[in-house]
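Fancy a bit of practice at reading a protein model? Take a look at the sequence and the structure, then try the exercises.

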Amino acid sequence: MFSGRPACPECESQQTHVLLRGFPPGPPPPGTTLRGCTIIIVDGSALTQWECGVCGSEW
Ligand SMILES: [Zn+2]
């Protein structure tokens, strides 16, 4: 279920979750973190796309 996902830059775990923005029409698929409708831009960089399921790091 986590195959093909990038490893965590902090702990190298591959239990990486996709960060979903907005509200999908159905329940989020496994391995997905739902973040509601708030769009957060940190230091003007790209949106965070991944969250580590082990240490909680986001990148
Ligand atoms: Zn991690």
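Here come five short exercises, each with its solution.

Before you start, note that this is a predicted model: local features need pLDDT of at least 70, side-chain atom pairs count only at pLDDT 80 or more, and totals for chains, interfaces and linings use all residues. Residues are numbered from 1 along each chain as its sequence is written.

**Exercise 1. Find out how confident the predictor is in the chain, and which strands have the lowest and highest mean pLDDT.**

Start with the term: pLDDT is the predictor's confidence in each residue, on a scale from 0 to 100. The chain has a mean of 76, with 64% of its residues at 70 or more. Next, go element by element. The lowest mean pLDDT among them, 71, belongs to strand S2 (residues 32-34), and the highest, 90, to strand S3 (residues 50-52). One caution to keep in mind: where pLDDT is low, the predicted coordinates should not be read in detail.

**Exercise 2. Work out the secondary structure and the order of its elements.**

Elements are DSSP runs numbered from the N terminus: helices are H or I with at least four residues, strands are E with at least two. Count them and you get zero helices and three strands. Reading from the N terminus, the order is β-β-β.

Now for burial. A residue is buried with 20 or more other C-beta atoms within 10 Å of its own, exposed with 12 or fewer, and partly exposed in between; the C-beta atoms are placed from the backbone. By that count, 8% of the 59 residues are buried.

**Exercise 3. Compare Pro9 and Glu10: which residues does each touch, and is each one buried, exposed or partly exposed?**

Step one is location: Pro9 sits in the segment before S1, and Glu10 is found in the segment before strand S1 (16-20). Step two is the neighbour count. Pro9 is exposed because it has 10 C-beta neighbours inside 10 Å, while Glu10 has 13 and so is partly exposed.

Step three is contacts, meaning pairs whose C-beta atoms, placed from the backbone, lie within 7 Å. Leaving out residues up to four places away in sequence, Pro9 touches Ser57 and Trp59, and Glu10 touches Cys52, Cys55 and Ser57.

Last, check the distances to Cys52. From Glu10, Cys52 is 42 residues away in sequence and 8.6 Å away in space, C-alpha to C-alpha. From Pro9, the figures are 43 residues and 8.8 Å, again C-alpha to C-alpha. For the whole chain, residues 24 or more positions apart make up 49% of the contacts with a separation of 6 or more.

**Exercise 4. Say what stands out about the phi of Glu12.**

Glu12 also lies in the segment before S1. Its phi is near 65°, a positive value in a residue other than glycine. Most residues other than glycine have a negative phi. As for burial, Glu12 is exposed, since 10 other C-beta atoms lie within 10 Å.

**Exercise 5. Trace what Val18 and Gly31 have around them.**

Val18 is in strand S1, and Gly31 is in the loop between S1 and S2. Val18 is partly exposed because it has 14 C-beta neighbours inside 10 Å; Gly31 is partly exposed too, with 14 other C-beta atoms within 10 Å.

Then look across the chain. Not counting residues up to four places away in sequence, Val18 touches Gly31, Thr32 and Trp50. Val18 and Thr32 are 14 residues apart in sequence, with 4.8 Å between their C-alpha atoms. For Gly31 and His17, the separation is 14 residues and the C-alpha distance 4.8 Å.

Notes: Contact = placed C-beta atoms within 7 Å.
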